[in-house]
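Subject: Structure handover

Hi,

Here is the structure I promised to pass on to you. Please open it alongside this message, and my notes follow below.

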Amino acid sequence: MKKFILRIGLSIIIALIIWGIFIAFKPEPKTIGDLMESYEDPGVKIKIRSPFSGSVLVAKKGEIIFQEAYGESDRVTKTPNDIDTKFGIGSVTKQFTAMLIMQLVEENAIKLEDTIGRYISYLPTDKANHITIHQLLSHTSGLPHYNGLQAIGMSLKDFGNTSYSPKALTELIGRTNLVNKPGTEFTYSSLGYDLLGVILEEVSRKSYADLLEEKIVKPLKLKNTGFGTNEYISKELARGYSYREVYGWDWWTSEHGGSTTEAPFRDQSTAYAAGGMHSTVMDLFLWSEAVKSHKLLSQELTEVMFTPNMHGHSYGWVRNWDDVIEKNINVRLHGHGGALAGNSAFIALYDDETTIIYLSNRSNLKAEEILHQIHLRANNLKDEHSLKGYPNRSSYDKFEETGGMVALQDYFNRLSEYSGYTVNPSNSTIRGVMKIHLEAEKREVADSLKTVFFKTYNPDERTLNEFGYDFLNSSTPEYALEFFKENTERFPNSSNAWDSLGEAYFVYEDYEKAVDCCRKAVEIGENVSHRSLKIYKENLKNAQDKQTGNAKVD
């Protein structure tokens with residue numbers, strides 16, 4: 001029996017070695033078709049986060065050179081995707097919303113510099129009288145993204161499961177807290193584009209779906225594009241799925257080395273003008289050609305629509321997405337992606353007249369990798385133009401050996417120059433560099449990075465909390481406190497921010513301050529009926545019990 005088990009074990013090890021050798025020496029895909037087939041069944045190494053399922057279209061100078069579909073639109077019925085399969089396009093919807101707004105500008109029905117209170121009478125004055133239509137379009141309104149709903153006690157799950165009228169959605173957005181003064185900073189906000197949808201309805205006296213049909217879908221003769229009802233989405237679109245890699249013994253029984261689950265339901269009224277549309281790659285190709293040839297909007301206003309603002313964002317598009325530029329410093333493009341639960345989308349219009357469009361019923365695909373690899377093959381290019389000089393962050397010594405802070409700053413200065421706007425190191429990069437300096441007892445460098453992060457990055461509540469907990473669970477837990485404190489200073493009306501600060505004080509065994517913070521979290525949570533109120537009360541009780549216990553010992 002032991003010999004049999006040994007043989008089985010050796011067989012498994014040999015199989016893994018052979019498989020590893022096969023993957024390591026497998027030649028790079030030469031064509032777009034080979035590439036997409038490798039993405040559909042990627043084996044052990046998944047370069048795009050999930051096996052690809054969906055459709056792809058590539059064109060050069062207005063001529064389609066590749067279009068194909070992969071995977072299944074419904075994993076239960078085993079229905080295959082085809083080139084006409086309809087997918088949710090997520091935030092690619094913003095391109096259409098921006099176009100509809102610009103068409104009203106061309107008709108002199110609205111003005112970009114108008115404040116939104118002129119068109120929406122039921123918003124609080126801090127938003128109605130200070131936010132302009134331009135700021136909504138360019139993500140400079142100061143409105144938060146969906147995480148702003150969590151700050152007022154609305155869970156994203158509850159939000160997605162609720163049906164809203166445009167007015168009710170507007171009133172909910174009106175309750176959110178501005179994250180910065182309108183017009184001063186870039187903050188990506190789907191809630192801002194939802195307000196644009198409401199403005200479209202108020203001005204036109206038509207629903208968003210009907211206006212879209214009248215102004216864009218019918219003129220371009222798009223057969224499979226629109227804003228559908230919940231029932232339509234459930235029956236006519238590819239079902240969305242999420243993928244998660246698995247390891248160990250689970251890998252042997254997995255499909256593509258991971259677990260695939262159907263995405264949860266989301267009410268269409270919550271996706272709305274920011275992300276609720278559906279389309280096909282062919283319809284999006286017709287759309288992109290119409291935009292470039294000014295079929296829907298004058299050349300003058302199309303140029304306004306494409307003009308980059310803060311962080312490269314124009315109206316519904318992004319100029320020179322830095323994640324793509326980083327992989328090939330010679331390319332320039334306009335594009336925008338979309339991501340709903342279970343869906344991913346992207347449309348990219350390169351200056352060299354390459355168009356790449358993909359739609360997928362898999363969430364969280366690595367868009368920059370897909371675009372980069374397809375573009376190389378569409379243009380017979382070698383992969384040798386990535387930005388060089390990024391320092392090694394695996395340890396402080398490695399970091400210093402490869403240029404340290406000077407090299408890091410130089411890298412992002414060059415990336416900013418190529419992209420056309422300021423590109424800062426990512427949150428994870430800043431956090432990683434802080435950690436290696438703290439571990440090397442270089443506190444002054446970590447402190448300077450923290451100061452820059454607070455002043456330059458304008459971090460939101462979720463980001464500050466992530467930094468705080470990451471440090472709280474690291475080898476330098478004392479460094480977490482500054483991030484939790486900063487969170488309560490920036491977001492004093494957030495019950496979650498106060499609860500997190502209380503948790504940090506609890507870890508530090510400063511139970512008096514833990515009680516004060518937890519009590520504050522409960523007070524705010526009760527005012528907004530926060531979904532985590534029960535947890536806040538439990539944390540408060542735990543802190544009070546510890547405080548009482550210490551008092552008895554004293």
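The notes below go through the cavity, one helix and the aromatic rings.

Before anything else, please keep in mind that this is a predicted model, and the values here are computed from it.

Let me begin with the empty space inside. The structure has one cavity of 30 Å³ or more, and the volume of this largest cavity is about 30 Å³. Its lining is made up of Lys94, Leu137, His139, Tyr193, His313, Ser314, Gly316, Trp317 and His336. By class, the lining comes to five polar residues, three nonpolar and one charged.

Next, helix H21, which covers residues 461-472. Its 12 residues reach 16 Å from the first C-alpha to the last, close to the 16 Å expected at 1.5 Å a residue. The buried residues of H21 are Glu461, Thr463, Leu464, Asn465, Phe467, Gly468, Phe471 and Leu472. What do they pack against? Their partners are four helices: H19 (427-439), H20 (443-456), H22 (481-490) and H23 (495-507).

Now to the rings. A pair of aromatic rings is described by the distance of the centres and the angle of the planes. The count for this model is 23 aromatic pairs. One of them joins phenylalanine 96 and tryptophan 287, which are stacked, at 4.0 Å centre to centre with 20° between the planes. This pair links distant parts of the chain, since phenylalanine 96 sits in helix H3 (residues 93-106) and tryptophan 287 in helix H13 (residues 281-292), 191 residues apart. Both phenylalanine 96 and tryptophan 287 are buried.

Another pair brings us back to H21. Tyrosine 469 and phenylalanine 484 have ring centres 5.0 Å apart and planes at 75°, so this pair is edge-to-face. Tyrosine 469 belongs to helix H21 and phenylalanine 484 to helix H22, so the pair ties together parts that are 15 residues apart in sequence. Are these two residues buried or partly exposed? Tyrosine 469 is partly exposed, with a relative accessible area of 24%, whereas phenylalanine 484 is buried, at 0%.

Finally, there is a cluster linked by ring pairs, made up of Phe453, Phe454, Tyr457, Phe467, Phe471, Tyr479 and Phe483. Phe467 and Phe471 from this cluster are also among the buried residues of H21, so you may like to view the helix and the cluster together.

Happy browsing, and best wishes!

Notes
Residues are numbered from 1 along each chain as its sequence is written. This is a predicted model: local features need pLDDT of at least 70, side-chain atom pairs count only at pLDDT 80 or more; totals for chains, interfaces and linings use all residues. Side-chain values use heavy atoms; hydrogens and water are left out. On a 1 Å grid over the protein atoms alone, a cavity is a set of points where a 1.4 Å probe fits but cannot get out, and a pocket is an open set with protein on both sides within 12 Å along at least five of seven lines; lining residues have an atom within 4 Å of a point. Grid points are joined across faces, edges and corners, and a volume is the space filled by probe spheres set on the points. Ala, Val, Leu, Ile, Met, Phe, Trp, Tyr, Cys and Pro count as nonpolar, Asp, Glu, Lys and Arg as charged, and the others, Gly among them, as polar. Helices (H or I, at least four residues) and strands (E, at least two) are DSSP runs, numbered from the N terminus. The expected span of a helix is 1.5 Å times one less than its number of residues. Buried means under 20% relative accessible area, exposed over 50%, partly exposed in between (1.4 Å probe, protein chains only). Contact means heavy atoms within 4.5 Å. Rings of Phe, Tyr and Trp (its six-membered ring) pair if their centres lie within 6.5 Å; planes under 30 degrees apart count as stacked, over 60 as edge-to-face and the rest as tilted.
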